[in-house]
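User: Could you take me through the buried interior of this protein, please? I would like a close look at that one part, with the cut-offs you use.

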Amino acid sequence: MATTVVFTVKGMKCVHCQASVESAVKAVAGVTAVSVDLAAGTATVSGDFDPAAVTAAVAAAGFRATAQ
């Protein structure tokens, strides 16, 4: 079942950070779309995915994410 979850992402400071988070989240199994908002510090993720996998992928990229 496809869902959309908004994550708060801590540690993003620049466009490169934003791109790193977006790339990491896109690689998560089941993710069909991701939109990272640098100014708001959020990532909106859609698809049939495990939120814990998104959190882990963001952590592996050097940032911290929590589902809202």
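Analyst: Happy to. Of the 68 residues of the protein, 37% count as buried, where buried means under 20% relative accessible area, exposed means over 50%, and partly exposed covers what lies in between (1.4 Å probe, protein chains only). Please keep in mind that this is a predicted model: local features need pLDDT of at least 70, side-chain atom pairs count only at pLDDT 80 or more, and totals for chains, interfaces and linings use all residues. Residues are numbered from 1 along each chain as its sequence is written, and side-chain values use heavy atoms, with hydrogens and water left out.

Here is the frame around that interior. The protein has 2 helices and 4 strands, in the order β-α-β-β-α-β from the N terminus on. Helices (H or I, at least four residues) and strands (E, at least two) are DSSP runs, numbered from the N terminus. With a radius of gyration of 10 Å, close to the 11 Å that the globule rule gives for 68 residues, the protein is as compact as a globular protein of that length. That radius is taken over C-alpha atoms, and the rule is 2.2 Å times the number of residues to the power 0.38. Along the principal axes, the C-alpha atoms fill a box of roughly 35 × 20 × 15 Å.

Now to the core itself. The largest nonpolar core has 20 residues, and V9, V21, V25, V45, V54 and V58 are those with the most contacts inside it. A nonpolar core here is a set of buried Ala, Val, Leu, Ile, Met, Phe, Trp, Tyr and Cys residues joined through side-chain atoms within 4.5 Å. At least two residues of this core come from each of β1 (3-10), α1 (15-26), β2 (31-37), β3 (42-47) and α2 (51-60). Helix α1 gives the most to this core, with 4 residues.

For contacts, meaning heavy atoms within 4.5 Å, V21 is a good place to start. Not counting residues up to four places away in sequence, V21 touches V9, M12, V36, V58 and F63.

One of those partners, M12, sits in the loop between β1 and α1 and counts as buried because its relative accessibility is 11%. Leaving aside neighbours within four places in sequence, M12 is in contact with C17, Q18, V21, V36, D37, L38, G41, T42 and F63. The C-alpha atoms of M12 and V54 are separated by 16 Å, with the two residues 42 apart along the chain.

From M12 we can step to T42, in strand β3, which is buried with a relative accessible area of 14%. Outside its neighbours within four places in sequence, T42 is in contact with V6, F7, V9, M12, S35, V36, D37 and Q68. Strand β3 also holds S46, again buried, at 19% relative accessible area. S46 touches T3, T4, G30, V31, T32 and A33, not counting residues up to four places away in sequence.

For contrast, A60 in helix α2 is exposed, with a relative accessible area of 72%. Across the whole protein, residues 24 or more positions apart account for 64% of the contacts with a separation of 6 or more.
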